[in-house]
Amino acid sequence: MEENIKKFYLLVAAISTTLSVIVAIKAWILRKELMSNYNLFFYFFITDALFDLVGAVFFKLGINNTFLMDFFSIIGFLLISTPFLKYLNFKPTRFFYSILIALVTLISFYALFDTNNAEKLDLVQITLQSLTLIFITAIVLYNFSISPEVNMFHSPVFWLALGTFIYSLIDSVVTSATNF
């Protein structure tokens, strides 16, 4: 049974790595069409592919990859959340979410180096990051929905926000359902 779990994990890691590389290549091709601050998504997907690959190798070798995955979740959170701040139209809202991102990042780094949790993935950290992304992208999506000047269906920012919203929502539900 354990051998099947290892095979399944390696298959999921291979699929995830492949998808990340495909999306990164697509982002590189569209880099002139994407706004400059959304180039961070390119770096996110390249970093994601690298971490998936290294995590799979660690897993195959029997090395605990928890620290690596927790570290990547912080890097990924920063690479994804930061560009959306530009699309929070109300300055106090932007300031609030900037502080929230900084706070969640500090909590995540504290949890990363907390020796009491060194052997297991920090689920509080992942849940906080997902909930923060859900709130930020929900506001960005709302701003697009009420803006008469922008055709949201033709905006790459809309699709990035929607994808991030759906991913974060599913991630937080799965994390909560399996671990709390």
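# A tour of the helices

Start by selecting S168: leaving out residues up to four places away in sequence, S168 touches S130, L133 and I134. The model on screen is a predicted one. S168 sits in helix α6, which covers residues 156–179. Colour by accessibility and S168 comes out as buried, because its relative accessible area is 1% and the cut-off for buried is under 20%.

**The whole chain**

Now zoom out and show the cartoon. The protein chain has 6 helices and 0 strands. Followed along the sequence, the pattern reads α-α-α-α-α-α. Of the 180 residues in the protein chain, 38% are buried. Consider the contacts in the protein chain with a separation of 6 or more: residues 24 or more positions apart account for 73% of them.

**Helix α1**

Select I22, in helix α1 (residues 2–29). Is I22 buried or exposed? Neither label applies: I22 is partly exposed, with a relative accessible area of 49%. Next, draw a distance from the C-alpha atom of I22 to that of A49. The value is 9.7 Å, for two residues 27 apart along the chain.

**Helices α3 and α4**

Select residues 66–84 for helix α3 and residues 91–112 for helix α4. The axes of α3 and α4 come within 10 Å and cross at roughly 170°. Angles over 145 degrees count as roughly antiparallel, so α3 and α4 are roughly antiparallel to each other. To see the contact, show side chains for F67, D70, F71, I74, F77, L78 and S81 of α3, together with I101, V104, T105, S108, F109 and L112 of α4. By class, this contact of α3 with α4 has 9 nonpolar, 3 polar and 1 charged residues.

**Helices α4 and α5**

Keep α4 and add helix α5, residues 123–146. The axes of α4 and α5 come within 10 Å, with a crossing angle of roughly 165°. The two helices, α4 and α5, are therefore roughly antiparallel to each other. Their crossing is left-handed. On the α4 side, the contact is made by T93, Y97, L100, I101, V104, I107, S108, A111 and L112. On the α5 side, select Q125, L128, Q129, T132, F135, I136 and I139. How many charged residues does the contact of α4 with α5 have? There are no charged residues in it, against 11 nonpolar and 5 polar.

**Helices α3 and α5**

Hide α4 and look at α3 with α5. The axes of α3 and α5 come within 10 Å and cross at roughly 10°. Angles under 35 degrees count as roughly parallel, so α3 and α5 are roughly parallel to each other. The crossing of α3 with α5 is left-handed. Select D70, S73, I74, F77, I80, S81 and F84 in α3; these meet Q125, Q129, T132, L133, I136, T137 and V140 in α5. By class, the residues of the contact of α3 with α5 are 7 nonpolar, 6 polar and 1 charged.

Stay in α3 and centre on S73, which lies in this helix. Which residues does S73 contact, leaving aside neighbours within four places in sequence? They are Q125 and Q129. S73 is buried, with a relative accessible area of 14%. A C-alpha distance is useful here too: the C-alpha atoms of S73 and I126 are separated by 7.0 Å, with their positions 53 residues apart along the chain.

**Aromatic rings**

Finish with the aromatic side chains. Searching the whole structure gives 4 aromatic pairs. Take F96 and Y97: their ring centres are 5.0 Å apart and their planes lie at 80°, so the pair is edge-to-face, given that planes over 60 degrees apart count as such. The partners can be compared by accessibility. F96 counts as partly exposed at 49% relative accessibility, whereas Y97 is buried, with a relative accessible area of 8%. Y97 was also selected earlier, among the α4 residues that make the contact with α5.

For the last stop, select Y87, F144, F158 and W159, which form one aromatic cluster.

Conventions: Residues are numbered from 1 along each chain as its sequence is written. This is a predicted model: local features need pLDDT of at least 70, side-chain atom pairs count only at pLDDT 80 or more; totals for chains, interfaces and linings use all residues. Side-chain values use heavy atoms; hydrogens and water are left out. Rings of Phe, Tyr and Trp (its six-membered ring) pair if their centres lie within 6.5 Å; planes under 30 degrees apart count as stacked, over 60 as edge-to-face and the rest as tilted. Buried means under 20% relative accessible area, exposed over 50%, partly exposed in between (1.4 Å probe, protein chains only). Axes are lines fitted to C-alpha atoms, for helices over the stretch in contact, and angles run from 0 to 180 degrees between N-to-C directions. Helices (H or I, at least four residues) and strands (E, at least two) are DSSP runs, numbered from the N terminus. Angles under 35 degrees count as roughly parallel, over 145 as roughly antiparallel, 65 to 115 as roughly perpendicular and the rest as oblique. A crossing is left-handed if the near helix is turned anticlockwise from the far one by less than a right angle, and right-handed if clockwise. Contact means heavy atoms within 4.5 Å. Ala, Val, Leu, Ile, Met, Phe, Trp, Tyr, Cys and Pro count as nonpolar, Asp, Glu, Lys and Arg as charged, and the others, Gly among them, as polar.
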